[in-house]
Amino acid sequence: MSQNPIVSGVAIASIGIAPNDDNVRAVGLNNGNVWRTINGSSTLVNVTGDIPSFIVSRLAIDKNNNNIAYATLSGFTTAGQGVWKTTNFLAVTPTWAASATGIPSIPINAFVIDPRNSANLYAGTDIGVYRSTDSGANWTAFSTGLPRTPVFDMAFQAATLATGDQTLRIATHGRGIWEFG
């Protein structure tokens, strides 16, 4: 629950909740604003900073460190500005920096952080998946067998007791669901 509306006439586009602390939550709006609470309060605080005014398509908070959060944008931003990262999300005024070097100017529709290794990030875009293995500093196409098609959702399935493996599932537009593990 939150104040209603957060910003009059502006729709909520995304919600991110810290996997290890339900009190740490973020809400992304269609105007590029990011609002958050760190104590579960129903009153949210605007922590947008320098994020451009595009739809905030996804918000993700690192399960291993609540100070690290990502906001992705759905729009044709300047290349390298589709993912925004903060390393001080719990601060009074978090600072955000573009963190998408290697991702072209395309909408980002999905985003996940590898729960076993927070340096591994995956961004689902209008032309497939991009992966970073250095916490978002650099991105490359993750195209192992994937079609060049819009990706609208991704999630990790937890490791099984039998094998210890986890699976990344990727949902595309019209080209099925893919899994890697």
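Is Asp153 buried, partly exposed or exposed, and at what relative accessibility? Asp153 comes out as partly exposed, at 41% relative accessibility; the second view below shows its salt bridge with Arg58.

A note before the views: this is a predicted model, where local features need pLDDT of at least 70, side-chain atom pairs count only at pLDDT 80 or more, and totals for chains, interfaces and linings use all residues. Residues are numbered from 1 along each chain as its sequence is written, and side-chain values use heavy atoms, with hydrogens and water left out.

**View 1. The Arg25–Asp22 salt bridge.** Here the closest N and O atoms of Arg25 and Asp22 sit 3.1 Å apart. A salt bridge is called when a side-chain nitrogen of Lys or Arg is within 4 Å of a carboxyl oxygen of Asp or Glu, and the count by this rule comes to 2. Both partners are partly exposed, Arg25 with a relative accessible area of 22% and Asp22 with 48%. (Buried is under 20% relative accessible area, exposed is over 50%, and partly exposed is in between, with a 1.4 Å probe and protein chains only.)

**View 2. Arg58 meets Asp153 across the sequence.** The closest N and O atoms in this salt bridge are 3.5 Å apart. Arg58 belongs to strand E5 (residues 55-61) and Asp153 to strand E13 (residues 151-157), so the pair ties together parts that are 95 residues apart in sequence. Strands (E, at least two residues) and helices (H or I, at least four) are DSSP runs, numbered from the N terminus. Arg58 is partly exposed, at 26% relative accessibility.

**View 3. An open sheet of 4 strands.** The order is E5-E6-E7-E8, and the pairing is antiparallel. E5 and strand E8 (97-98) are the edge strands, each pairing on one side only. Two strands count as paired if DSSP finds at least two bridges between them; E5 and strand E6 (residues 69-74) have 6. One pair to look for is Ile55 with its bridge partner Ser74 in E6.

**View 4. The E1–E2 hairpin and its nonpolar patch.** E1 and E2 make a hairpin with 2 residues between them. They run antiparallel, and 6 bridges join E1 to strand E2 (residues 21-29). Ser14 stands opposite Gly28 in E2. Ile12, in strand E1 (residues 12-18), is partly exposed with a relative accessible area of 48%. Together with Ile15 and Ile17, Ile12 forms a nonpolar surface patch of about 280 Å² accessible area. (Areas come from the Shrake-Rupley method with a 1.4 Å probe; for residues, only the protein chains shown count as cover. Patches take residues with over 30% relative accessible area and no salt bridge, joining like charges within 9 Å and nonpolar side chains, namely Val, Leu, Ile, Met, Phe, Trp and Tyr, within 5 Å.)

**View 5. Val10, in the segment before E1.** Leaving out neighbours within four places in sequence, Val10 is in contact (heavy atoms within 4.5 Å) with Leu29, Asn30 and Asn31. Val10 is partly exposed, with a relative accessible area of 23%.

**View 6. A positive phi at Ser135.** Phi is near 60 degrees here, in a residue other than glycine. Most residues other than glycine have a negative phi. Ser135 sits in the loop between strand E11 (128-132) and strand E12 (140-141), and is partly exposed with a relative accessible area of 24%.
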